[in-house]
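Morning, everyone. Please have a look at the model on the screen, and I'll walk you through it.

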Amino acid sequence: MSWEVVIGLEVHTQLTTKTKLFSGSSTLYGQPPNTQAGIFDIALPGVLPLLNDAVIDKAIRLAIATNSKVQQRTIFERKHYFYPDLPKGYQTSQLDAPIVYDGYLMIETEAGEKKIRINRAHLEEDAGSSRHGEVPGMTGIDLNRAGTPLLEIVSEPDLNSAEEAISYLKQLHQIVTWLDISDGNMQEGSFRCDANVSVRRAGEPLGTRTELKNINSFRFIEQAINYEVARQIKILEAGGTITQETRLYDSEKNETRSMRAKEEANDYRYFHDPDLLPIIISDERIEAVKAAFPLMPEALKSKLMSEYDLSEYDASVIIQSRAMADYFMTLLSQKVDAKMAANWLLGDVSAYLNEKGLDITQLPVTAEAFAGLLARIEDKTISNNIAKKVFALMIERGEGADAVIEAEGLKQVTDSSAIEAWVDEVISKNPKQVEQYRSGQTKILGFFVGQVMKLSQGKADPAMINELIKQKLI
């Protein structure tokens with residue numbers, strides 16, 4: 001009998017709020033240790049929590065996008081455990097009444113679409129971090145992250161392979177970034193995953209699970225799950241048993257190793273936080289979030305293909321990030337040609353961003369300014385080739401297309417008599433190539449076009465050049 005893999009995922013998603021879940025301390029990443037920790041975050045006696053109201057709408061957005069329900073009366077509990085980077089001795093979280101519950105996502109598998117149920121998504125505060133080895137033989141405690149707001153999204157154990165897990169995670173990642181629930185930065189820990197993994201023979205009860213903790217890249221999550229599945233099968237086939245525990249994944253050695261025994265809910269001594277009142281979410285608030293809900297990626301993809309005649313590939317690339325999609329839709333609002341805009345965005349613009357290691361939000365040229373460049377191509381003020389030079393100068397100088405074109409004298413020459421003179425000169429100087437063309441070697445047309453463009457310093461209208469050369473070489 002073959003083994004069946006059973007996987008459930010817990011995704012910790014850091015919310016894009018400027019301040020923490022229960023304090024006014026900043027959530028800005030990468031600051032010097034303990035400079036983002038206020039009196040509540042370090043648990044000074046007597047300080048009281050104040051809920052950051054912005055997290056509620058982010059949770060509602062997640063509920064809508066994951067076909068989930070919103071708990072309209074939700075509470076916070078204290079989850080007790082004792083780590084050096086948890087100064088209160090408990091984490092404020094949700095157990096009995098999570099703010100989001102009973103949802104699902106549909107993922108693509110080799111066998112077709114598959115429904116992955118979402119048990120819950122609950123609000124909780126992050127802990128601080130322990131920094132090992134910065135001072136030899138010592139561990140430092142950094143409380144900058146303590147109190148940062150998280151949504152922990154918990155799936156049912158409906159996933160049966162590492163590939164399915166990655167498909168689910170990538171879709172969830174796209175949702176939280178698209179809706180500005182989280183920035184999804186895995187390197188900074190904004191989107192990290194715990195994977196609960198077990199194996200069983202077909203038809204048997206669920207096997208003993210292990211938890212793979214805090215993995216922050218899709219590649220490592222896939223590798224960790226595959227390693228753990230193979231490890232468990234090897235133990236069981238040798239007659240051994242699986243220990244329920246939390247394990248860490250070592251990416252350098254590509255292996256998991258035991259961290260600690262896996263706790264159960266009763267180990268944490270949950271109880272209702274007496275300092276926090278229940279949260280009451282009205283129907284009106286949910287409806288207001290729905291009313292402002294953006295078009296989701298797949299719906300936008302369909303719109304780009306049907307209304308703007310983009311290819312499936314181009315539309316798929318554009319919707320990979322909300323920022324890219326917003327930039328493109330702003331271009332369309334400026335009445336530029338959709339196909340030309342897509343070609344430029346996925347060509348020269350993406351090449352520049354990749355070379356510089358930038359995101360579209362860091363492009364020095366705004367969508368409105370870039371639309372001005374595309375407009376000058378459309379009205380034949382400049383050619384596509386000249387536009388590449390104009391684009392580079394727009395980045396360099398921070399000027400608009402018209403200012404660059406005027407300053408550099410880059411307007412396209414459309415005077416037929418001037419272009420005809422250049423064509424005549426090229427034909428007269430290249431009798432051998434003229435003979436080749438007239439003998440049927442029509443591919444040599446590009447040679448003539450190139451020579452005319454060289455004479456005109458790239459300013460002649462390519463379409464007019466082609467037409468004139470063909471007329472004169474008949």
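I'll start with the domains, go on to the sheet, and end with two helix pairs. Keep in mind that this is a predicted model.

Domains, then. The domain assignment gives domain 1 as residues 3–280, domain 2 as 293–408 and domain 3 as 416–473. How far apart are the centres of domain 1 and domain 3? They are separated by 65 Å, taken over C-alpha atoms.

Now the sheet. It is open and has nine strands. Read across, the order is β2-β6-β7-β10-β1-β11-β12-β13-β14. The pairing is mixed. Which strands stand at the edges? They are β2, residues 69–70, and β14, residues 255–261. Each has a single partner strand, so one side of each is left without a neighbour in the sheet.

One pairing in detail. Strand β12, residues 210–215, runs parallel to strand β13, residues 245–250, and two bridges join them. Take E211 as an example: its bridge partner in β13 is T246.

Helices pack on this sheet. Helix α1, residues 54–65, touches β2, β6, β7 and β10. The direction of α1 makes about 20° with that of β10. Helix α2, residues 162–178, lies across β1, β6, β7, β10 and β11. Against β6, helix α2 runs at about 120°.

On to the helix pairs. First up are α7, residues 322–333, and α8, residues 338–356. They pack at an angle of about 140°, and their axes are 10 Å apart. Angles over 145 degrees would count as roughly antiparallel, so at this value α7 is oblique to α8. The crossing is right-handed. Who meets whom? From α7 we have M324, Y327, F328, L331 and L332; from α8 we have A338, A341, A342, L345 and S350. By class, that contact has nine nonpolar residues, one polar and no charged ones.

The second pair uses α8 again, now with helix α10, residues 384–397. Here the angle is about 40°, with the axes 12 Å apart. α8 and α10 are therefore oblique to each other. This crossing is right-handed too. On the α8 side, the contact is made by W344, D348, V349 and Y352. On the α10 side, it is N384, A387, K388, F391 and I395. What is the mix by class? Six are nonpolar, one is polar and two are charged.

That's the tour. Over to you for questions.

Methods. Residues are numbered from 1 along each chain as its sequence is written. This is a predicted model: local features need pLDDT of at least 70, side-chain atom pairs count only at pLDDT 80 or more; totals for chains, interfaces and linings use all residues. Side-chain values use heavy atoms; hydrogens and water are left out. Domain bounds come from an automatic or database domain assignment. Axes are lines fitted to C-alpha atoms, for helices over the stretch in contact, and angles run from 0 to 180 degrees between N-to-C directions. Helices (H or I, at least four residues) and strands (E, at least two) are DSSP runs, numbered from the N terminus. Angles under 35 degrees count as roughly parallel, over 145 as roughly antiparallel, 65 to 115 as roughly perpendicular and the rest as oblique. A crossing is left-handed if the near helix is turned anticlockwise from the far one by less than a right angle, and right-handed if clockwise. Contact means heavy atoms within 4.5 Å. Ala, Val, Leu, Ile, Met, Phe, Trp, Tyr, Cys and Pro count as nonpolar, Asp, Glu, Lys and Arg as charged, and the others, Gly among them, as polar. Two strands pair if DSSP finds at least two bridges between them.
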